[in-house]
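I opened this notebook to record what I looked up in one structure. The entries follow the order in which I consulted the model.

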Amino acid sequence: MKKRRNHTINPTLEKLIEYVYVLIGSGIVAVSFNVFLLPNRVASGGVSGISTILDATLGWEPAYVQWAFNIPLFIAGVVLLGRQYGYKTLAGTIFLPFVVFLTNDVKPWTLDPLLGSLFGGIGVGLGLGIVFRGNASTGGTDLAAQIIHKYTGLSLGTCVALIDGLIVLSAAIVFDIERGLYALIGLYVTSKTIDLVQVGIGRSKMAMVITNQQDEVREAILNKIDRGVTKLSAYGGYTDQERPIIMCVVDQTEFTKLKQLVQSIDPSAFVIVMDASEVLGEGFKRA
């Protein structure tokens, strides 16, 4: 198994890094909102979507609208949910609209609504993913969804979908159906980008090997690929005889070598391969 150094981070420095994540992420969300979403009237959910609709209908400054929603929702979350969201979430709640206010005169980077929804979704997803990496959030409708979840019994995912769905529906009514569809595109791209930032683009493979040459395969993986293995107890469905399974997780670049090793030792081996989107532990990513 690959060895790695055990790095320890000073708690104060770690907390400072998390605040940096929150501020950078909030800034990216705010700029993406101003240069992609707002000028193209793409209200892809959240408080930013509400501020887009109110800016178009009433001419209200988006930053003020976001503060007007975010701060009371943060207070309500603390009071009604009875838990501390922490200063990092409060920082994101205040800082994001502040950057929206500072960058409200920046010229749009595109006036094509499709490009605006795609790249706005990517920018917002990137920013939120970075904020989540800092163990915080930007508040807003996420807190509203948690409050509804607590007092209605609806699942949290359903509550988030209901709120964002109502905002997108409002955009379709206020603007037109086409803008509502663009908002759905932006919302989808945002969710996928958040996943990408959280999980990363690196993909590992988990292989489960059933073979009569268990010891040879195990030794080859340990010594030639330098990866750990785990033996799982299993029984053949037809013979009802014990057939242990060798489980191993390897990097994408090591997968071909693993296949070749197993085939050279036992050409009749049964191999099951699955994607492992995130692997934490020795030899892989640090938690």
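The entries below cover a surface patch, two helices, a loop residue, the sheet and the salt bridges.

**Entry 1: status of the model.** I note at the outset that this is a predicted model.

**Entry 2: nonpolar surface patch.** I looked for nonpolar side chains grouped on the surface. I found a patch formed by L13, L16, I17, V20, Y21 and I24, with about 510 Å² of accessible area together. I then took up one of its members, Y21, and placed it in helix α1, which covers residues 11–37. I recorded Y21 as partly exposed, because its relative accessibility is 36% and the partly exposed class lies between 20% and 50%.

**Entry 3: helix α2.** I checked the length of helix α2, residues 46–58. Its 13 residues reach 18 Å from the first C-alpha to the last, close to the 18 Å expected at 1.5 Å a residue. Next I listed its buried positions, which are G46, V47, G49, I50, S51, T52, I53, L54 and D55. I also looked at what follows the helix: G59 comes after α2 and has a positive phi, near 75 degrees.

**Entry 4: helix α6.** I made the corresponding check on helix α6, residues 141–152. With 12 residues at 1.5 Å a residue, α6 should span 16 Å, and its end C-alpha atoms are indeed 16 Å apart. The buried residues I noted in α6 are T141, L143, A144, A145, Q146 and I147. After α6 comes G153, with a positive phi near 85 degrees.

**Entry 5: a loop residue.** I asked myself whether T110 is buried or exposed. T110 is located in the loop between α4 (86–102) and α5 (113–133). I entered T110 as buried because its relative accessible area is 13%, and buried means under 20%. I then examined its separation from N40: the two residues are 70 residues apart along the chain, yet their C-alpha atoms are separated by 8.1 Å.

**Entry 6: the sheet.** I traced the strand order and found an open sheet of four strands, β2-β3-β1-β4, with antiparallel pairing. At its edges are β2 (230–232) and β4 (270–276), each of which pairs on one side only. From one strand to the next, the twist averages 25 degrees.

I reminded myself that strands of a sheet pair through backbone hydrogen bonds, in either a parallel or an antiparallel manner. I then went through the partners of β1. Strand β1 (residues 204–210) is joined to strand β3 (residues 245–251) by six bridges, and the two run antiparallel. Within this pairing I noted that A207 has C248 as its bridge partner in β3, while V209 has I246. Seven bridges join β1 to β4, again antiparallel, and here I210 stands opposite F270 in β4. I finally asked how enclosed β1 is. Six of its seven residues are buried, so β1 is largely enclosed by the rest of the structure.

**Entry 7: salt bridges.** I noted the general point that side chains of opposite charge can pair when their charged atoms come close. The count for this model is five salt bridges, and I examined several in turn.

R218 and E219 meet through their side chains in a salt bridge of 3.3 Å, N to O. I recorded R218 as partly exposed at 25% relative accessibility, and E219 as partly exposed at 36%.

Which residue does D251 pair with? D251 forms a salt bridge with R227, with the closest N and O atoms 3.0 Å apart. Because D251 lies in strand β3 and R227 in the loop between α9 (214–225) and β2, this pair ties together parts that are 24 residues apart in sequence. D251 counts as partly exposed at 26% relative accessibility, whereas R227 counts as buried at 1%.

R227 also meets E254 in a salt bridge between their side chains, at 3.0 Å, N to O. E254 lies in helix α10 (residues 252–265) and R227 in the loop between α9 and β2, so this contact ties together parts that are 27 residues apart in sequence. I noted E254 as buried, with a relative accessible area of 10%. I closed the entry with the network: salt bridges that share partners join R227, D251 and E254 into one network.

Note on methods:
Residues numbered from 1 in each chain as written. Predicted model: local features only at pLDDT ≥ 70, side-chain atom pairs only at ≥ 80, totals over all residues. Heavy atoms only, no water. Patch = residues over 30% accessible without salt bridge, like charges linked within 9 Å, V, L, I, M, F, W, Y side chains within 5 Å. Areas by Shrake-Rupley, 256 points an atom, 1.4 Å probe, with all protein chains shown as cover. Salt bridge = Lys/Arg side-chain N within 4 Å of Asp/Glu carboxyl O. Buried < 20%, exposed > 50% of the residue type's maximum accessible area, 1.4 Å probe, protein only. Expected span 1.5 Å × (residues − 1). Pairing = 2+ DSSP bridges. Axes fitted to C-alpha atoms, helices over the stretch in contact; angles between N-to-C directions.
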